[in-house]
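Please work through the exercises below with the sequence and the model side by side, attempting each task before you read its solution.

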Amino acid sequence: MTVLDHPFVAANDIARYFDVSRPLVQRLVAREGRRLLRAVDGVTFDIPRGTTLSLVGESGCGKSTVARLMVGLYRTSSGEVTFDGKELGAARADMAQRRRMQMIFQDPYASLNPRWRVRDIVAEPVRAFGIASGQDALDRVGAALTQVGLSPLDAQKFPHEFSGGQRQRISIARALSSSPEFLVCDEPTSALDVSVQAQILNLMKELQSRLGLTYLFISHNLAVVRQVSDRIGVMYLGRLVENAPAETLFRTPRHPYTRALMEAVPDLSMSGQPRTPVGGEVPSPINPPTGCAFHPRCALANARCRAERPEMMMAGETLVACHAVQEGRDGQPQSIIRAKGTV
Amino acid sequence: MAALLEVRNLRVEFPTRRGILTALDDVSFAIEPGEILGIVGESGAGKSMTGAAIIGLLEPPGRIARGEILLDGRRIDNLPYAEMRHIRGRQIGAIFQDPLTTLNPLYSVGRQLVETMTTHLPIGPDEARRRAIGWLEQVGIPAAAQRIDAYPHEFSGGMRQRVVIALALCAEPKLIVADEPTTALDVSIQAQVIALLKALARDKGTAMMLVTHDMGVIAETADRVAVMYAGRIAEIGPVREIVGDARHPYSSGLMRSIPPLDRRVDRLAQIDGAMPRLNAIPPGCAYGPRCPKVFDKCLVHRPDLMEAGPTRAACWLYDRA
């Protein structure tokens with residue numbers, strides 16, 4: 001299988017708009033048109049089999065919407081998602097494709113039905129996809145619970161009998177019970193305490209190497225993302241602004257937004273040191289700025305940035321959408337790095 | 001310098017049908033003017049409860065069962081509601097996690113600021129309005145004079161949290177209790193708010209109790225840190241010592257389980273198990289059953305805070321007796 005013509009999971013220029021218009025009568029009275037919220041606005045990436053792509057960004061950047069598009073919980077407004085070379089179709093139409101992907105949600109208190117026993121929660125995908133029934137299904141439940149470090153005896157209990165970390169293990173067991181190949185994890189540890197977060201992150205890494213899983217990992221926490229990712233995509237206002245191998249991104253962040261984001265994270269080692277926070281806030285995706293969406297907060301912005309939307313382009317191993325980087329006016333030692341590479 | 005806030009042997013209980021739950025047990029610490037004390041711990045450890053007890057807003061049936069809280073040498077834990085209400089606002093400002101629940105959605109932010117100031121300070125409404133604009137400018141709200149009559153919903157999340165901070169500060173309290181002030185904010189906004197809080201402590205000598213689960217925020221902001229576990233202080237000391245070289249096995253485990261930003265590790269250090277629930281706190285040291293260094297005494301006798309080099313830790317490893 002060549003990666004080039006057949007990426008395992010791919011998003012091709014996907015977009016998702018939400019109609020946030022006021023009701024028709026009010027629109028007619030006020031003589032205004034429809035209003036669209038561009039939650040995701042032209043995002044392209046692929047994820048090779050067995051690897052992890054993380055999407056990071058601040059609230060409202062569209063990362064969770066991308067997660068839902070990738071498993072078909074939302075339909076794309078334009079563009080397409082392909083899974084193992086085949087376009088992602090409607091949910092009921094293609095069960096064979098659907099059973100190969102699963103999702104883990106952020107809040108283990110909200111994502112488990114409190115009235116169901118763990119046995120039924122974990123068996124739900126198995127039954128829904130018609131993979132097994134009766135004792136076979138229960139055997140799968142026991143196996144899935146064992147995989148996530150719980151006991152098969154826990155199947156009899158209800159969710160309230162478990163702590164937050166154990167509940168997230170149940171969510172993972174549910175996702176694994178139908179033996180998927182691709183897992184979309186939307187902030188799987190952000191509702192958890194840090195010592196428990198470490199348990200869950202370790203578990204997810206173990207499962208990946210044992211089962212060869214492919215992850216799309218959504219998080220706002222850069223430190224968490226660094227621990228789990230092969231590649232990292234940085235999103236801003238519905239667009240991908242940078243996409244690079246994890247270590248490259250942390251060693252040489254290119255996009256001014258990525259650099260600002262890293263600068264802003266409070267770090268343990270920086271005890272007492274002053275920082276220069278980026279000014280302003282993420283603008284509204286209903287009325288995004290023209291040109292590059294980051295230009296109102298960017299120190300490097302010029303007339304071109306305000307007028308023309310930058311396209312993704314290669315800079316070393318990094319894909320970055322920034323006129324300043326492309327024109328070499330980002331003040332980064334990019335030319336030096338290139339020179340060293342060519343010498 | 002004399003302590004501005006002193007908490008002595010504080011015990012908070014919740015009577016329930018199945019018996020009395022002890023949410024805080026023997027908590028003691030002090031904060032000096034201009035000092036920022038960070039309180040960290042996992043959910044349920046009692047950090048927010050400590051803040052609520054200090055500002056006199058414990059949710060019933062919670063009650064202070066033992067111990068005392070002194071502000072400027074005066075007991076405030078046993079004051080009648082009306083008197084405590086005056087202290088809250090005038091002498092102690094509170095900042096909570098969610099700015100939407102702190103602000104009244106029906107009043108403009110200007111009215112809320114003016115009301116707070118005219119209630120607590122000997123000034124009239126015109127002077128209060130003038131100062132309100134000044135406070136909004138200080139917390140970094142652009143065009144404050146125009147935005148003072150806007151309502152909370154007209155501000156974005158980060159701006160709203162700034163309004164809450166302005167509201168906590170406008171009566172010029174000596175102490176600010178900030179409970180997860182940046183948790184609901186994005187990192188870039190969080191950095192702005194932290195910078196603001198630090199400047200206040202430095203420039204105005206305001207003391208601050210900063211409750212958060214985010215160790216990064218603590219490392220950048222606090223002077224000293226108290227680590228809480230199951231309703232007690234496990235360790236308290238200078239921020240550099242706690243973050244870099246904690247003495248209590250729980251604090252050091254907690255610090256090591258934080259994913260590092262500056263490098264990738266194959267496997268994160270994890271603390272197995274979970275913090276016990278209030279109705280199932282084990283005898284002896286509450287951390288004993290999860291502690292890698294546990295020995296016989298820990299499972300029987302409960303350790304109090306004792307000297308552990310530059311910090312004080314509630315751990316029998318540091319017992320010299």
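Three exercises with worked solutions follow.

This is a predicted model, in which local features need pLDDT of at least 70 and side-chain atom pairs count only at pLDDT 80 or more, while totals for chains, interfaces and linings use all residues. Residues are numbered from 1 along each chain as its sequence is written, and chains are lettered from A and ligands numbered from 1 in the order in which they are written.

**Exercise 1.** Find which element of chain A has the lowest mean pLDDT and which the highest.

Solution. Recall that pLDDT is the predictor's confidence in each residue, from 0 to 100. For chain A the mean is 88, with 91% of residues at 70 or more. Among its elements (DSSP runs, helices being H or I of at least four residues and strands E of at least two, numbered from the N terminus), helix α13 (residues 334-342) is lowest at 35 and strand β3 (residues 52-56) highest at 97. Where pLDDT is low, the predicted coordinates should not be read in detail.

**Exercise 2.** Compare the span of helix α6 of chain A with what is expected at 1.5 Å a residue.

Solution. The expected span is 1.5 Å times one less than the number of residues. For the 13 residues of α6(A) (164-176) this gives 18 Å, and the end C-alpha atoms are 18 Å apart, so the two agree.

**Exercise 3.** Identify which elements give two or more residues to the side of chain A that touches chain B.

Solution. Counting contacts (C-beta atoms, placed from the backbone, within 7 Å), 31 residues of chain A meet 37 of chain B. The elements are α7 (194-211), α8 (222-228) and α10 (256-264) of chain A, and α7(A) gives the largest share, 7 residues.

Methods
Contact = placed C-beta atoms within 7 Å.
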